[in-house]
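Q: I am new to this structure and would like a close look at a single part of it. Please take one helix, work through it with care, and then place it in the rest of the chain.

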Amino acid sequence: SDSLPNSLSDALVAFCLAGAIRKLRTGLEGKSHTMLVHVSQRIQDQERIAKRIREQLELWRAADLQNQNLDSVFKPVWDSIKSGVEIASDEQTVLRTAVSVLHELVVVTLNSVTGENLEYDTKPGRHIVAVGGNRLSRGLTLEGLTISYFLRTTSMVDTLLQMARWYGFRHGYED
């Protein structure tokens, strides 16, 4: 199939919503914001999924530019995640801001061929979807990581331990 799994589409929407919340909160504007997509160790798979993500984002962007309301895409995900989220904005502001984040998303593939330059220093404040495999597994810091989409299994304990480290949380980032 050429389409993304619904779970990945929903994760991309949740990332846009998280970006909207960050934009609407004081002190987070201009800070880097990253989503991790880890689907396979194979570079060919990473390139294919990055291409499909770009295609899906372009479909949503084109729909928005043609004045099609994206609430049918964004509102169900918002309804599923908004419980406990503290924000001083109304729902329509959050949804509108999430669509603006959609237009800013950059998809980057990180692997042994592409390297791992996310340009956090030279291009701060970007909303980055990082697609990769082993390059993401060891010692790479993803600034402002809010969504991790994981579609990979392993039987190697050390690899599993490294992957578990991605799910650390800090005070003030619970929601």
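A: Helix 4 has 14 residues, which at 1.5 Å a residue should span 20 Å, and because its end C-alpha atoms are 20 Å apart, the expected span and the model agree. The model in question is a predicted one, and helix 4 covers residues 91–104. At the start of this helix, a side-chain oxygen of Asp90 comes to within 3.2 Å of the backbone nitrogen of Gln92.

The buried residues of helix 4 are Thr93, Val94, Leu95, Thr97, Ala98, Val99, Val101 and Leu102. An α-helix has 3.6 residues a turn, so residues three or four places apart point the same way. The cover over the buried residues of helix 4 includes helix 1, helix 2, helix 3 and strand 3.

One residue of helix 2 deserves a separate word, namely Arg61. With a relative accessible area of 12%, Arg61 counts as buried, because the cut-off for that term is under 20%. Once its neighbours within four places in sequence are left aside, Arg61 is in contact with Leu102, His103, Glu104 and Leu105; of these, Leu102 is also among the buried residues of helix 4.

Helix 4 also belongs to a wider picture. The largest nonpolar core has 37 residues, and those that touch the most other members are Leu8, Leu17, Met35, Val37, Ile53, Phe74 and Val129. Two or more residues of this core come from each of helix 1, strand 1, helix 2, helix 3, helix 4, strand 3 and strand 4, with helix 1 giving the most, 10 residues. In soluble globular proteins, nonpolar side chains tend to be buried together.

Met35 shows how such a core residue is surrounded: not counting residues up to four places away in sequence, Met35 touches Leu8, Ala11, Leu12, Phe15, Ile128, Val129, Ala130, Leu145, Ile147 and Tyr149. Apart from this core lies another, of nine residues, which include Val108, Leu118, Tyr120 and Leu142.

As for the chain as a whole, it holds six helices and four strands, which follow the pattern α-β-α-α-α-β-β-α-β-α when read along the sequence. Of its 175 residues, 43% count as buried, and among the contacts with a separation of 6 or more, 71% join residues 24 or more positions apart. The accessible surface of the chain comes to about 9800 Å², and 51% of that surface belongs to carbon and sulfur atoms.

Technical notes
Residues are numbered from 1 along each chain as its sequence is written. This is a predicted model: local features need pLDDT of at least 70, side-chain atom pairs count only at pLDDT 80 or more; totals for chains, interfaces and linings use all residues. Side-chain values use heavy atoms; hydrogens and water are left out. A nonpolar core is a set of buried Ala, Val, Leu, Ile, Met, Phe, Trp, Tyr and Cys residues joined through side-chain atoms within 4.5 Å. Buried means under 20% relative accessible area, exposed over 50%, partly exposed in between (1.4 Å probe, protein chains only). Contact means heavy atoms within 4.5 Å. Accessible areas come from the Shrake-Rupley method with a 1.4 Å probe; for residues, only the protein chains shown count as cover. The expected span of a helix is 1.5 Å times one less than its number of residues. A polar contact is a pair of N or O atoms within 3.5 Å; within protein, one must be able to donate a hydrogen and the other to accept it, and residues adjacent in sequence count only if both atoms are side-chain atoms.
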